[in-house]
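Q: Please go through the structure shown below and explain what each structural term rests on.

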Protein chains: 2
Amino acid sequence: MAATETRRQITEAADALFYERGFEATSFADIAAAVGLSRGNFYYHFKTKDEILEAVIDLRMANTRAMLAGWAAGADEPAGRIRSFIHMLIANRAGIMAHGCPVGTLCSELAKLDHVAKDRAAELFGLFRDWLALQFSALGRGDDAERLALHLLVRSQGIAALATAFRDETFIRREAAAMETWLAGELPGLAKSDLSIPNA
Amino acid sequence: MAATETRRQITEAADALFYERGFEATSFADIAAAVGLSRGNFYYHFKTKDEILEAVIDLRMANTRAMLAGWAAGADEPAGRIRSFIHMLIANRAGIMAHGCPVGTLCSELAKLDHVAKDRAAELFGLFRDWLALQFSALGRGDDAERLALHLLVRSQGIAALATAFRDETFIRREAAAMETWLAGELPGLAKSDLSIPNA
DNA sequence: GCAGCTTTAGGACGACTGCCCTACATCTGT
DNA sequence: ACAGATGTAGGGCAGTCGTCCTAAAGCTGC
């Protein structure tokens, strides 16, 4: 098999295992078994475990960029694109309840390990933040764009964390709906309000 | 030394190490070194690592109850008590940026390991949820109390997750202030609004 | 059909893991 | 002073970890 193809398979298997079990709890042997290779042969493709992690982060960055581009292509209006982000919570609810958010849990694990790649993993959040801010800018909320983007990130991360703990699907749906309602209140045509003052 | 005292020291050392490094990444040897005991002697106090985890969760439950009772005693008004919860984010900002929220990160790690104690760890969230709901009930928001409580939990968990990734202290302070502003909007005297419709 | 490169399997390495045993030190009650 | 309980030290158990080596199989170009 071509080395690049094997490398891709390893990276994808590691991606899934790192998500499901965590980075540290996943061993070379686990990944090898998932791909169907011998343990020892790994050294040929990846010198160290950190190298696999690097490849996994690269893969996730590429996948995230592609997903964001897909959302942008799938909706003409920025509001619809932001709703695509919110709906991700519902679409991935099973995985979230079992293993949390792939980005958030990886970042927190790498932070605890004080791993060199922790900042690279945090760039995944940066991707979402910047893309969401871009949508809010397109909605004429240029001044608040990043703050509004971070508000959505905060809420989705919090929802993921609590959904993992309580494993409550209704909770996810209700909170996602609440985010959509919040978004509707931030849309143009309505009075611009401070993000955090619900009503006066 | 009395066995109960040694047990307490072990539990406290494990509590800190589980928070800083994570449950799996912390070994018997790490805890033993922190307490100043020999590795082998652990078997006398704790048969298994899971037993230590159980003791740590018990300790955190007790500490959390004490903290909540302290907040209740420290403020006569429910709003002030809720603000104590929000201020916890700022008081613990250094730890949060380095290691995340102790409750959230433990729950997500145990979920990934599919550990038997994952539900017991989730009860820590239940403690905060119920206490916050009690305060909102006292504010006359009985119908929405649990939903409002979960909203605060969602936001604080999200803030902790992003603060760990970005390690931005200003972000924590700004989001904590936004939560206080949101709280003010939910207080009696102002028009009762739906949680998720900021303004109309 | 052979040389040379790529890819593989299998195993070994030292270190570490959670767990467990046994011999010894220390303390307590009589 | 002594017996028994309580607590400790040190090391060993089998297993796994990440890492690395070597020998050979598979493929490609001549």
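A: A polar contact is a pair of N or O atoms within 3.5 Å. In this predicted model, a polar side-chain atom of Asn41(B) lies 3.5 Å from a sugar or linking oxygen of DNA strand D, so the pair meets that cut-off.

Q: What makes the pairing of His45(B) with DNA strand D a polar contact?
A: An N or O atom in the side chain of His45(B) is 2.9 Å from a phosphate oxygen of the strand. The limit is 3.5 Å, and the pair therefore qualifies. Gly40(B) takes part through its backbone: one of its polar atoms there is 3.5 Å from a base oxygen of DNA strand D. Two elements of chain B, α1 (3–21) and α3 (42–45), each give two or more residues to the surface near the strand.

Q: Which residues surround DNA strand D most closely, and which part of the strand do they meet?
A: There are 17 surrounding residues, and the closest are Lys49(A), Ala3(B), Gly40(B), Tyr44(B) and His45(B). Of the strand atoms within 4 Å of the protein, 67% belong to sugar and phosphate.

Q: Why is Arg93(A) called partly exposed?
A: Its relative accessibility is 25%. Buried means under 20% and exposed means over 50%, so a value in between is partly exposed. Arg93(A) is found in helix α6 of chain A. A polar atom of its side chain lies 2.9 Å from the backbone oxygen of Ile90(A). Beyond its neighbours within four places in sequence, Arg93(A) is in contact with Glu169(A), Ile172(A) and Arg173(A).

Q: How do you know that the span of helix α1 of chain A is close to the expected one?
A: The helix covers residues 3–21, 19 in number, and reaches 26 Å from first C-alpha to last, against an expected 27 Å. Its buried residues include Ile10(A), Leu17(A) and Phe18(A). Among the elements covering the buried residues are α4 (49–74) of chain A and α7 (102–113) of chain B. After the helix comes Gly22(A), with a positive phi near 100°.

Q: Why are the two copies said to be related as by a two-fold rotation axis?
A: A turn of 180° with a shift of 0.0 Å along the axis lays chain A on chain B with an RMSD of 0.0 Å. The relation is therefore that of a two-fold rotation axis. The same surface serves both copies, since 100% of the contact residues of chain A recur in chain B.

Q: Which residues touch the most other members of the largest nonpolar core?
A: Among its 128 residues, they are Ile31(A), Phe85(A), Ile31(B) and Phe85(B). Outside four places in sequence, the residues that Phe85(B) touches include Trp71(B), Phe128(B) and Trp131(B).

Definitions and conventions: Residues numbered from 1 in each chain as written. Chains lettered and ligands numbered in written order. Predicted model: local features only at pLDDT ≥ 70, side-chain atom pairs only at ≥ 80, totals over all residues. Heavy atoms only, no water. Core = buried A, V, L, I, M, F, W, Y, C linked by side-chain atoms within 4.5 Å. Buried < 20%, exposed > 50% of the residue type's maximum accessible area, 1.4 Å probe, protein only. Contact = heavy atoms within 4.5 Å. Helix = DSSP H or I, 4+ residues; strand = E, 2+ residues; numbered from the N terminus. Expected span 1.5 Å × (residues − 1). Polar contact = N/O pair within 3.5 Å; in protein donor to acceptor, adjacent residues only side chain to side chain. Least-squares fit on C-alpha atoms with pLDDT ≥ 70 in both. Near = heavy atom within 4 Å.
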